[in-house]
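Trainee: I'm new to this one and don't know where to look. Could you pick a single spot, go through it closely, and then lead me outward from there?

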Amino acid sequence: MRNAHAKRPNGLDDLRFDNRFVRELPADSNPVNRRRQVYGACYSRVDPTPVKAPRLVAFSPDMADRLGLSDKTCQSDRFAQVVTGNRLLPDMQPFAMCYGGHQFGHWAGQLGDGRAINLGEVLNPSGERWVLQLKGAGPTPYSRTADGLAVLRSSIREFLCSEAMFHLGVPTTRALSLTLTGEEVERDMFYDGHPKLEPGAVVCRVAPSFIRFGNFQILTARGDMDLLKRLVDYTIRTDFPELGEPGPATYVSWFETVCRRTAEMIIHWMRVGFVHGVMNTDNMSILGLTIDYGPYGWLENFDPGWTPNTTDAGGRRYRFAHQPGIAQWNLAQLANAIYPLINQAEPLEAALAAYAEQYQTGWQTMMANKLGLVAFEKEMDQGLIDELLAILAAAETDMTIFFRRLARLDADQLTAAAATAEAIPNELMAAYYVPDQLTAELRGRTGNWFKTYAARIRRAGIPQKERRRRMDAVNPNYVLRNYLAQLAIDKAETGDFSMVHELLALLRRPYDEQPDKDVYAARRPDWARHRPGCSMLSCSS
Ligand code: AMP
Ligand code: MG
């Protein structure tokens with residue numbers, strides 16, 4: 001409807017393609033789609049595998065609009081055929097990218113798009129470049145021992161979370177559509193010898209670029225410096241044109257930019273309570289976008305040590321609080337990969353140090369903002385924030401609810417509550433999972449924190465209404481709680497997609513109060529505490 005009113009072209013045939021990646025970078029010379037090591041190339045040409053019965057489950061009207069596609073186009077049969085890979089548009093040139101990566105701290109060699117196939121690069125009506133990529137559209141030369149497919153449950157998780165993150169203001173790849181293939185896919189969800197047939201699905205992902213740290217790493221690892229330079233130059237010219245013509249100085253400023261964007265992305269994750277779960281270097285976008293939604297999760301009770309990924313349960317390498325440090329480690333691997341183009345360690349080391357600095361100051365400002373403060377004042381706020389994080393972790397406290405509700409209480413209400421034996425205002429009790437954990441000591445400690453915080457906001461002098469507005473703009477009311485995604489999956493597996501649609505609509509306005517949807521802002525119910533999919537996820541997808 002929106003597009004019809006605007007009277008601009010909005011069908012699939014109106015998409016304008018400009019496939020720069022395949023035009024400018026070398027392709028694998030072997031056209032056969034067989035699993036192998038691919039040398040001297042950035043990608044292999046490969047067609048999606050046709051599927052039996054494409055059926056649209058959901059599409060993102062926001063992303064469609066951005067591409068210049070009308071809702072009607074997205075509801076057409078032809079659209080479903082295209083976004084499952086059954087039909088190609090005339091100017092599409094499908095390919096899978098070659099990349100490597102460090103998985104859980106160890107170099108894993110060639111990985112690549114094992115089940116992602118890029119269809120082409122769309123130039124939208126505003127001149128933005130958007131790459132369309134199908135996830136789960138069949139095997140590629142990079143599929144190694146796996147099948148190139150994806151199942152409905154993980155595709156729902158990727159589809160919903162990509163769009164939720166976008167509306168939360170977190171840099172992310174996007175999702176245009178979620179389709180069923182009409183075929184079944186076998187998965188052993190917990191790798192325990194109990195394989196099951198699950199519905200196959202495809203997500204059409206969209207991003208300005210899907211290049212990862214690992215695209216550069218694989219070339220350096222193989223000593224292919226000419227191609228490394230070509231890919232870096234290509235990336236700078238295409239995605240970082242503001243940095244100027246490629247050359248050693250530009251390489252350094254490019255790396256500094258990647259460090260800065262990565263820091264910004266992680267600060268957002270920490271703000272909304274997102275845990276990626278698999279921060280391998282092949283899952284790090286060169287644009288600083290959240291990419292590859294696998295066994296990710298959302299903090300419910302604030303637990304800095306939590307990881308949603310069962311594969312990570314041993315070392316908990318990718319736990320919430322570890323994400324900033326892991327991102328820096330990953331950036332160091334990228335620095336190693338591009339070092340041969342610069343031949344100087346100091347500027348790269350300086351950029352990595354600057355990352356730590358930027359992360360720290362950015363995080364402090366973000367935390368101050370979550371508390372309704374305009375700026376972080378070290379003297380007062382360092383202690384205030386440290387103590388808050390300690391209190392939140394001391395009893396199981398829902399991070400999202402706590403910050404959201406805190407905004408409703410003014411300094412007087414906080415001080416009054418702190419003066420009582422309970423110490424915690426009723427308004428905030430909704431955030432506590434196990435009220436019995438609130439010992440007299442912890443209540444006293446929390447009350448003291450309220451007193452200090454009340455004094456701090458009085459001193460800041462921001463009127464309550466304004467303070468609440470500021471806090472509500474950075475503390476979401478709705479996030480894709482792990483159990484909500486799982487409920488939508490349970491329903492979808494019975495053929496009822498209503499909750500997928502409902503969550504997609506809900507999460508378009510995560511900072512708004514949506515009174516008829518209050519139930520989605522509530523604490524995780526107790527049944528979900530230990531249920532697979534709700535509290536723990538495997539990489540099987
Ligand atoms: P991930 O850790 O999920 O990002 O995946 C790591 C690597 O495994 C990437 O190269 C993926 O393309 C590949 N991969 C994951 N699942 C599959 C699958 N079902 N079929 C083929 N390749 C896969
Ligand atoms: Mg990946």
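Mentor: Let's start at Gly273, which, if you leave aside its neighbours within four places in sequence, is in contact with Gly297, Trp298, Leu299, Phe320 and Met399. Keep in mind as we go that this is a predicted model. To find Gly273, look in the loop between helix H9 (248-272) and strand E11. Why call Gly273 buried? Its relative accessible area is 0%, so it falls under the 20% limit for that word. Now bring in Phe302: Gly273 and Phe302 are 29 residues apart in sequence, yet 8.2 Å apart in space, taken C-alpha to C-alpha.

From there, follow the chain past E11. The loop between strand E11 (274-275) and strand E12 (297-298) holds Asp292. Asp292 is worth a pause for its backbone: phi is near 65 degrees, a positive value in a residue other than glycine. Asp292 has 14% relative accessibility, which is under 20%, so it counts as buried. There's also a metal here. The magnesium ion (ligand 2) is coordinated by Asn283 through OD1 and by Asp292 through OD, at 1.9 to 2.2 Å. Like Asp292, Asn283 is buried.

Carry on beyond E12 and you come to the loop between E12 and H10, where Gly315 sits. The loop between E12 and H10 also holds Arg316. Gly315 has a relative accessible area of 60%, so it's exposed. For Arg316 the figure is 37%, so it counts as partly exposed. Who does Arg316 touch? Apart from neighbours within four places in sequence, Arg316 is in contact with Gly305, Thr307 and His322.

Two distances help to place this loop. Gly315 and Phe104 are 211 residues apart along the chain, but their C-alpha atoms are separated by 9.2 Å. Arg316 and Ser209 are 107 residues apart in sequence, and their C-alpha atoms are 29 Å apart in space.

A little further on is Asn343, in the loop between helix H10 (323-342) and helix H11 (345-370). Asn343 isn't a glycine, yet it has a positive phi of about 60 degrees. Is it buried or exposed? Its relative accessibility is 53%, which is over 50%, so Asn343 counts as exposed.

Now the empty space. Rolling a probe the size of a water molecule over the atoms shows where such space is left. Ser209, which I used for that last distance from Arg316, takes us to one of these places: it lies among the residues nearest the centre of the largest cavity, with Phe21, Glu121, Val131 and Phe210. This cavity has a volume of about 110 Å³, and the structure holds four cavities of 30 Å³ or more. Its lining is made up of 14 residues. By class, eight of those are nonpolar, three are polar and three are charged. Several elements share the job: strand E4 (95-97), strand E7 (116-123), strand E8 (129-135) and helix H8 (225-239) each supply at least two lining residues. H8 gives the most, with three.

Then there's the open kind of space. The largest pocket has a volume of about 900 Å³. Its lining takes in 33 residues, and nearest the centre are Gln103, Arg115, Arg144, Cys539 and Ser541. The lining of this pocket divides into twelve nonpolar, eleven polar and ten charged residues.

One last stop is Ser60, in the loop between strand E3 (55-59) and helix H3 (61-67). With a relative accessible area of 1%, Ser60 is under the 20% limit and so is buried. Which partners does its side chain reach? One is the backbone nitrogen of Met63, at 3.1 Å. Another is Glu163, where a polar contact of 2.7 Å joins the two side chains. Beyond neighbours within four places in sequence, Ser60 is in contact with Phe159, Glu163, Arg174, Ala175, Leu176 and Leu504.

If you'd like to retrace the route, go back to Gly273 in the loop between H9 and E11, then on to Asp292 and the magnesium ion (ligand 2). From there, go to Gly315 in the loop between E12 and H10, and finish at Asn343, between H10 and H11.

How values were computed:
Residues are numbered from 1 along each chain as its sequence is written. Chains are lettered from A and ligands numbered from 1 in the order in which they are written. This is a predicted model: local features need pLDDT of at least 70, side-chain atom pairs count only at pLDDT 80 or more; totals for chains, interfaces and linings use all residues. Side-chain values use heavy atoms; hydrogens and water are left out. Helices (H or I, at least four residues) and strands (E, at least two) are DSSP runs, numbered from the N terminus. Buried means under 20% relative accessible area, exposed over 50%, partly exposed in between (1.4 Å probe, protein chains only). A polar contact is a pair of N or O atoms within 3.5 Å; within protein, one must be able to donate a hydrogen and the other to accept it, and residues adjacent in sequence count only if both atoms are side-chain atoms. Contact means heavy atoms within 4.5 Å. Donors are N, O and S atoms within 2.8 Å of the metal (3.2 Å for Na, K and Ca); water is not among the atoms, so sites may look incomplete. On a 1 Å grid over the protein atoms alone, a cavity is a set of points where a 1.4 Å probe fits but cannot get out, and a pocket is an open set with protein on both sides within 12 Å along at least five of seven lines; lining residues have an atom within 4 Å of a point. Grid points are joined across faces, edges and corners, and a volume is the space filled by probe spheres set on the points. Ala, Val, Leu, Ile, Met, Phe, Trp, Tyr, Cys and Pro count as nonpolar, Asp, Glu, Lys and Arg as charged, and the others, Gly among them, as polar.
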